[in-house]
Amino acid sequence: MKRTVTLGFLLAVAMILSYVESLIPFSIGIPGMKLGLPNLVVVLLLYLYGSREALLVNTTRIVLSGLLFSNLYTVVYSMAGALCSFGVMLLLKRTGKFSIIGVSIGGGVFHNMGQLLLAMLVVETYAVSFYLPYLMLAGMITGFFIGIAGRHLMPYLKKLIEKMK
């Protein structure tokens, strides 16, 4: 029961971060680029609970946030990026060779890659690959800062979870 409450709470936090992110005017000329604030919750869940919980909260957050704050296209693109990102983060974490920061950077880069691949399929042209270097750089930068935040929040969340047991 406590686990369900904690996951529900973290889902709510991720949705709030999604909403906050939607309010931030972050446009530097690259379509679809965002800060990735909700990915902080995903990375923390991956380390605190495991892959099943992280994937469940992330996919639920994408669907609910998409329905509440945007549209179906956003849900589809977000899901493509999230699944690609999640697979890479899981692989990087399982190797044991990457810190939470490295895992987060990998997630940031591959989230953008997943969305870009979907865009290529939808518009049926490789011309959108022009954005690849910019999206990779953006994913590295945002992933780095999300990873830093995750590293700093991890001990506090671990203590909180232990207190709840």
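## A tour of the six-helix chain

Start with the whole chain: among its contacts between residues at least 6 apart in sequence, 70% join residues at least 24 apart, where contact means heavy atoms within 4.5 Å. This is a predicted model, in which local features need pLDDT of at least 70, side-chain atom pairs count only at pLDDT 80 or more, and totals for chains, interfaces and linings use all residues. Residues are numbered from 1 along each chain as its sequence is written, and side-chain values use heavy atoms, with hydrogens and water left out.

**Whole chain**

Colour by secondary structure. The protein chain has six helices and zero strands, in the order α-α-α-α-α-α from the N terminus. Helices (H or I, at least four residues) and strands (E, at least two) are DSSP runs, numbered from the N terminus.

Now show the C-alpha atoms alone. Along the principal axes they fill a box of roughly 50 × 35 × 25 Å. The radius of gyration of the protein chain is 16 Å, which agrees with the value near 15 Å for a compact globule of 165 residues. That radius is taken over C-alpha atoms, and the globule rule is 2.2 Å times the number of residues to the power 0.38.

Colour by accessibility next. Buried residues make up 42% of the 165 residues; buried means under 20% relative accessible area, exposed over 50%, and partly exposed in between (1.4 Å probe, protein chains only).

**Helix H2**

Select residues 39-48, helix H2, which is mostly covered: nine of its ten residues are buried. They are Asn39, Leu40, Val41, Val42, Val43, Leu44, Leu45, Leu46 and Leu48. To see what covers H2, add H1 (2-23), H3, H4, H5 (100-123) and H6 (132-164), against which its buried residues pack. Then click on Gly50, which follows H2 and has a positive phi, near 140 degrees.

**H2 against H6**

Keep H2 and show H6 beside it. The two pack at an angle of about 50 degrees, with their axes 9 Å apart. Axes are lines fitted to C-alpha atoms, for helices over the stretch in contact, and angles run from 0 to 180 degrees between N-to-C directions. H2 and H6 are therefore oblique to each other; angles under 35 degrees count as roughly parallel, over 145 as roughly antiparallel, 65 to 115 as roughly perpendicular and the rest as oblique. Their crossing is right-handed: a crossing is left-handed if the near helix is turned anticlockwise from the far one by less than a right angle, and right-handed if clockwise.

For the side chains, select Asn39, Leu40, Leu44, Tyr47 and Leu48 of H2, with Ile146, Ala149, Gly150, Leu153, Met154, Leu157, Lys158 and Ile161 of H6. By class, this contact has ten nonpolar, two polar and one charged residues. Ala, Val, Leu, Ile, Met, Phe, Trp, Tyr, Cys and Pro count as nonpolar, Asp, Glu, Lys and Arg as charged, and the others, Gly among them, as polar.

**H3 against H4**

Move to H3 (residues 51-69) and H4 (residues 72-95), whose axes are 10 Å apart at an angle of about 165 degrees. H3 and H4 are therefore roughly antiparallel to each other, and H3 passes H4 in a right-handed crossing. On the H3 side, pick Ser51, Ala54, Leu55, Asn58, Thr59, Ile62, Val63, Gly66 and Leu67; they meet Val75, Ser78, Met79, Ala82, Leu83, Phe86, Leu90 and Arg94 in H4. The residues of this contact divide into eleven nonpolar, five polar and one charged.

An α-helix has 3.6 residues a turn, so residues three or four places apart point the same way.

**H1 against H3**

Hide H4 and bring up H1. The axes of H1 and H3 come within 9 Å and cross at roughly 45 degrees, and that makes H1 oblique to H3. H1 passes H3 in a right-handed crossing. Arg3, Leu7, Leu10, Leu11, Ala14, Met15, Ser18 and Tyr19 in H1 are to be shown with Glu53, Val57, Thr60, Arg61, Leu64, Ser65, Leu68 and Phe69 in H3, which they meet. Here the division is ten nonpolar, three polar and three charged.

Zoom in on Leu64 in H3. Leu64 is partly exposed, with a relative accessible area of 33%. Not counting residues up to four places away in sequence, Leu64 touches Leu11 and Met15. A distance label between the C-alpha atoms of Leu64 and Leu10, 54 residues apart along the chain, should read 14 Å.

**Asn112**

Finish in helix H5, at Asn112. Asn112 counts as buried, at 11% relative accessibility. Leaving aside neighbours within four places in sequence, Asn112 is in contact with Leu135, Ala138 and Gly139.
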